Amino acid sequence: MRSLTIRDLSKTYFDAYAGSHVDAVRGVSLEVTQGEFVSLVGPSGCGKTTILNMIAGFIPCSGGEIRLDGRAIHGPGPDRGVVFQSFALFPWKTVLDNVGFGPKMRGVPKAERDRTAREYLELVGLAHAADRYPNELSGGMQQRVGVARALANNPEVLLMDEPFASVDAQTRMTLQEELTRIWQERRPTIIFITHDVSEAVFLANRVIVLSKGQILDEVDIALPRPRVWDKLHEDAAFKSLSGKVLQLVRSA
Ligand SMILES: Nc1ncnc2c1ncn2[C@@H]1O[C@H](COP(=O)(O)OP(=O)(O)OP(=O)(O)O)[C@@H](O)[C@H]1O
Ligand SMILES: [Mg+2]
């Protein structure tokens, strides 16, 4: 089985203002199997983004290692797609060209990458917006473009850092339902960072709770799928799992 293997990972930053070192990540080991959906939660500053940035290959590790299918990760690559809280779309490119950007960088010819981009826009419900520009879209729509753009590279792993944090509550619930549907259809491995405990539980198969750069605990989420809010928000098992994760986060 292919997987993402993180072994004894650490990251020390030098804080130039304080003139001291910060141990942001301290000996994290984690095995994520292909097709798993894992949420990472924990208090602000516990190292979530730092871990994600190391998996993405944006920053080097200070210690330990990260392997994807056995290959050590040393930098960014199309095998890992990233979606951030800020939409980070190219404002001068149409929605279609934003989504086709990764394939373009890999030398995919125009007709083929347009076809791929349209397929992923269809998947996120934005086929009608292909020729628009990002500033003509709502926040929720922009975030869907971000998801389509990450998926257009057909990554093995999708890394998401609070992707829905800046959209309104209703749109956010829709995006969460859409993401679980897309995950079920395509089964990429997903690592999803959030502050929102119910979001973490709603989405994932497993929630990892971090505290001060270390893994505090993890909770398996064996709720049935498809997951929809109409059913889950009153569901006893969902409430009990959310309560359990919340308690862990508050003790972190
Ligand atoms: N570039 C940097 N230089 C110095 N210190 C940093 C840097 N980036 C992060 N840190 C520190 O590392 C620790 C972990 O930060 P990180 O951004 O990974 O936390 P986080 O869990 O993502 O927090 P949040 O929930 O607020 O996004 C914090 O103490 C932070 O101040
Ligand atoms: Mg963060």
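Q: Where does Asn154 lie in this predicted model?
A: The model is predicted. Asn154 sits in the loop that connects helix 5 and strand 7.

Q: What is the phi of Asn154, and is the residue buried, partly exposed or exposed?
A: Phi is near 50° for Asn154, a positive value in a residue other than glycine. Asn154 has 15 C-beta neighbours inside 10 Å, so the residue counts as partly exposed.

Q: Which residue of strand 1 has a positive phi although it is not a glycine?
A: Asp8, with a phi of about 50°. Asp8 belongs to strand 1, residues 3-15. Asp8 has 12 C-beta neighbours inside 10 Å and therefore counts as exposed.

Q: Which glycines take a positive phi just after a helix?
A: Gly57 is one, with a phi of about 85° just after helix 1. Gly125 follows helix 4 and has a phi of about 75°.

Q: How should I read the burial of helix 1?
A: Count its buried residues. In helix 1, residues 48-56, 7 of the 9 residues are buried, so the helix is largely enclosed by the rest of the structure. Those buried are Lys48, Thr50, Ile51, Leu52, Met54, Ile55 and Ala56.

Q: What span does helix 4 have, and what is expected?
A: Helix 4 covers residues 110-123, 14 residues in total. From first C-alpha to last it reaches 20 Å, close to the 20 Å expected at 1.5 Å a residue.

Q: Which residues of helix 4 are buried, and where do they fall around the axis?
A: The buried set is Arg113, Thr116, Ala117, Tyr120 and Leu121. Look down the axis of helix 4: these buried residues fall within an arc of 135°, so they line one face of the helix.

Q: What covers that side of helix 4, and what does the face turned away carry?
A: The cover over the buried residues includes helix 2 (95-99), helix 3 (101-105) and helix 5 (139-151). The face turned away from the buried side carries exposed Ala111 and Glu112.

Q: How do strands of a sheet pair?
A: Strands of a sheet pair through backbone hydrogen bonds, in either the parallel or the antiparallel sense. Take the parallel case here. Strand 3, residues 37-41, pairs with strand 8 in the parallel sense over 4 bridges. Strand 7, residues 157-161, also runs parallel to strand 8, joined by 5 bridges.

Q: Which residues of strand 8 are the bridge partners of Phe37 and Met160?
A: Phe37 has Ile190 as its bridge partner. Met160 has Phe192.

Q: What encloses strand 8, and what happens on its faces?
A: In strand 8, residues 189-193, 5 of the 5 residues are buried, so the strand is largely enclosed by the rest of the structure. Both faces are covered. Thr189, Ile191 and Ile193 lie on one side, with Ile190 and Phe192 on the other.

Q: What unit does strand 8 make with strand 7 and helix 6?
A: A β-α-β unit, and a right-handed one. Helix 6 spans residues 169-186.

Q: Which strands form the antiparallel open sheet, and in what order?
A: The sheet has 4 strands in the order 2-1-4-5. Strand 2 (20-33) and strand 5 (71-72) are at the edges, each with a single partner strand, so one side of each is left without a neighbour in the sheet. Strand 5 is joined to strand 4, residues 63-68, by 2 bridges. Arg67 stands opposite Ala72 of strand 5.

Q: Which peptide bond is cis, and where does its proline lie?
A: The bond from Arg225 to Pro226, with omega near 0°. Pro226 lies in the loop between strand 10 (214-220) and helix 8 (229-232).

Q: Where is Lys93 found, and what separates its C-alpha from that of Tyr133?
A: Lys93 is in the loop between strand 6 (80-83) and helix 2. Lys93 is partly exposed, with 15 other C-beta atoms within 10 Å. The C-alpha atoms of Lys93 and Tyr133 are separated by 6.4 Å, although the residues are 40 apart along the chain.

Q: What does the protein chain look like overall?
A: Its secondary structure comes to 9 helices and 10 strands. The radius of gyration is 18 Å, close to the 18 Å that the globule rule gives for 252 residues, so the chain is as compact as a globular protein of that length. The C-alpha atoms fill a box of roughly 50 × 45 × 40 Å along the principal axes. Of the 252 residues, 39% count as buried. Among contacts between residues at least 6 apart in sequence, 69% join residues at least 24 apart.

Definitions and conventions
Residues numbered from 1 in each chain as written. Chains lettered and ligands numbered in written order. Predicted model: local features only at pLDDT ≥ 70, side-chain atom pairs only at ≥ 80, totals over all residues. Expected span 1.5 Å × (residues − 1). Buried ≥ 20, exposed ≤ 12 C-beta atoms within 10 Å, placed from the backbone. Arc of directions from axis to C-beta. Contact = placed C-beta atoms within 7 Å. Pairing = 2+ DSSP bridges. Right-handed = clockwise from strand over helix to strand, strands pointing away. Rg over C-alpha atoms; globule rule 2.2 N^0.38 Å.
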